[in-house]
Amino acid sequence: MKKNIHYTEYLPNSHGKSDNNIQIRLAIPTDANDIGQIEVKVYGEYPEPYEQVIKKISKTIKTQEPNESLRKTWVALKNEKIIGFSKVDFYNTIINDFPDLIEGWYLTGITIHPDWRRIGVGRLLIKTRMSWLKDKTDEVYYWSGINNKASEALHKIFGFKKIKSSIITPMGY
């Protein structure tokens, strides 16, 4: 049976050694293939042809380039190789058809290649996104799967609290 690597295993008393050589930057369209490869490794094959998905990711990242964009993607790099990524999105019921979400800025999807977990990548991605949002809002939200205890514990370090459960959320690019 294949081990589920979607979520990082929840090990509350086990913290990896932080790697000071991780760099975080905004994603660029040419990062799409590396992002796609990490998604396939973590979540499995896409239902659509891989090339179509990569074009969609690239196009989405390109639309994020204007500074006023309501969506951004960051990548984490080790030795110039992308090892993870995460996004920030603004959701409201006027421009998005997700009535279960509270209007506001969301940290969405920390996805780390399984070989690079527990070295502080998730923390760096949260810090980077929170820093980017500090002049835009006083409130930031996130969501995670009900069984994703590692994500819940990680976000709790940054002061996040559970305010709602069982919401329907948007997925993917």
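Which residue in β5 is the bridge partner of Trp 105? In this predicted model, that partner is Val 140. The pairing is a handy way into the strands and cores described below.

## How β4 is framed

Let's start with β4, which spans residues 104–112. On one side of the story is β3 (81–91): β3 and β4 run antiparallel and are joined by seven bridges. Within this pairing, Val 88 stands opposite Leu 107.

β4 also pairs with β5, this time in the parallel sense, over three bridges. Together with α3, these two strands form a right-handed β-α-β unit. As for exposure, β4 is mostly covered, with seven of its nine residues buried.

## The largest nonpolar core

The largest nonpolar core has 19 residues, and the members touching the most others are Val 88, Leu 107, Val 121 and Leu 133. At least two residues come from each of β2 (71–78), β3, β4, α3 (121–133) and β5 (140–142). The biggest contribution is from α3, which supplies five residues. In soluble globular proteins, nonpolar side chains tend to be buried together.

Leu 107 deserves a closer look. Leaving aside residues up to four places away in sequence, Leu 107 touches a varied set of residues, including Val 88, Ile 126, Met 130, Leu 133 and Val 140. Its contacts also include Lys 87, Arg 129, His 155 and Phe 160, along with Tyr 141, Tyr 142 and Trp 143.

## A second core

There is also a separate core of 15 residues. Among its members are Ala 27, Val 40, Ile 61 and Leu 77.

Conventions. Residues numbered from 1 in each chain as written. Predicted model: local features only at pLDDT ≥ 70, side-chain atom pairs only at ≥ 80, totals over all residues. Heavy atoms only, no water. Core = buried A, V, L, I, M, F, W, Y, C linked by side-chain atoms within 4.5 Å. Buried < 20%, exposed > 50% of the residue type's maximum accessible area, 1.4 Å probe, protein only. Helix = DSSP H or I, 4+ residues; strand = E, 2+ residues; numbered from the N terminus. Contact = heavy atoms within 4.5 Å. Pairing = 2+ DSSP bridges. Right-handed = clockwise from strand over helix to strand, strands pointing away.
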